[in-house]
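Pull up the model and give it a slow spin before reading on. We'll start at the surface and work our way inward.

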Amino acid sequence: SHWWGEPVHDFVTCLDQHALDRCLGDGDAYWVCAYANNQWDVSEDIVHDPQQSSFRRALNIADGTISIIDKGAKCFTRIWCCYEVWVSTVAPPESPPRRLRREGVGRQGPFRYDMYTA
């Protein structure tokens with residue numbers, strides 16, 4: 001979760017550090033809505049019920065989330081950022097841990113939530 005007003009360099013630097021801290025490998029990926037959603041037509045991704053949104057579907061298959069906190073903490077004024085934090089900390093994703101899924105790989109523990117500052 002982040003606010004697109006921060007410099008892209010700061011965003012990428014935080015993700016690089018997160019990947020190092022969590023010992024993530026080349027096969028691990030980040031879901032970033034601005035890259036995953038069609039920004040010219042988000043009508044299919046933004047729905048009345050946030051539980052049906054692409055944001056929630058991504059959280060349901062993720063091992064965890066990371067919030068990139070900009071210098072002014074602007075991300076906390078963005079409703080989708082707050083929603084992602086709420087899902088991550090209060091209403092955990094609905095899918096079972098990946099280790100219980102068919103492919104048998106991935107997360108080996110509970111859903112994780114991390115914060116990094118730009």
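Start with a greasy spot on the outside: Trp4, Val8, Val12 and Tyr35 together make a nonpolar surface patch of about 390 Å². Keep in mind that this is a predicted model. One member of the patch, valine 12, sits in helix 1, which covers residues 8–21. Its relative accessibility is 37%, so valine 12 counts as partly exposed, given that the buried class stops under 20% and the exposed class starts over 50%.

Now for the inward-looking part of that helix. Asp10, Phe11, Cys14, Leu15, His18 and Ala19 are the buried residues of helix 1. An α-helix has 3.6 residues a turn, so residues three or four places apart point the same way. Among the things covering the buried residues of helix 1 are strand 1 and strand 2, the latter at 112–117. As for length, the 14 residues of helix 1 should span 20 Å at 1.5 Å a residue, and the end C-alpha atoms are indeed 20 Å apart, so the two agree. Just past the helix, cysteine 23 takes a positive phi of about 55°.

Where do those buried side chains go? Phe11, Cys14 and Leu15 join Val32, Ile66, Ile68 and Tyr116 in the largest nonpolar core, which has seven residues. Helix 1 and strand 1 (64–69) are the elements that give two or more residues to this core, and helix 1 gives the most, with three. In soluble globular proteins, nonpolar side chains tend to be buried together. A second, separate core has five residues, including Leu59, Tyr83, Val87 and Phe111.

Click on isoleucine 66 next. Beyond its neighbours within four places in sequence, isoleucine 66 is in contact with Ser1, Leu15, His18, Tyr30, Asp114 and Tyr116. Aspartate 114, one of those partners, lies in strand 2. Is aspartate 114 buried or exposed? It counts as buried, because its relative accessibility is 15%, and the cut-off for buried is under 20%. Setting aside residues up to four places away in sequence, aspartate 114 touches His18, Arg22, Thr65, Ile66 and Ser67.

Zoom out for the whole chain. The protein has four helices and two strands, running α-α-α-β-α-β from the N terminus on. Of its 118 residues, 36% are buried. Among contacts with a separation of 6 or more, 67% are between residues 24 or more positions apart. The accessible surface comes to about 7,700 Å², with 56% of it belonging to carbon and sulfur atoms.

Key:
Residues are numbered from 1 along each chain as its sequence is written. This is a predicted model: local features need pLDDT of at least 70, side-chain atom pairs count only at pLDDT 80 or more; totals for chains, interfaces and linings use all residues. Side-chain values use heavy atoms; hydrogens and water are left out. Patches are made of residues with over 30% relative accessible area and no salt bridge: like charges are joined within 9 Å, nonpolar side chains (Val, Leu, Ile, Met, Phe, Trp, Tyr) within 5 Å. Accessible areas come from the Shrake-Rupley method with a 1.4 Å probe; for residues, only the protein chains shown count as cover. A salt bridge is a side-chain nitrogen of Lys or Arg within 4 Å of a carboxyl oxygen of Asp or Glu. Buried means under 20% relative accessible area, exposed over 50%, partly exposed in between (1.4 Å probe, protein chains only). A nonpolar core is a set of buried Ala, Val, Leu, Ile, Met, Phe, Trp, Tyr and Cys residues joined through side-chain atoms within 4.5 Å. Contact means heavy atoms within 4.5 Å. The expected span of a helix is 1.5 Å times one less than its number of residues.
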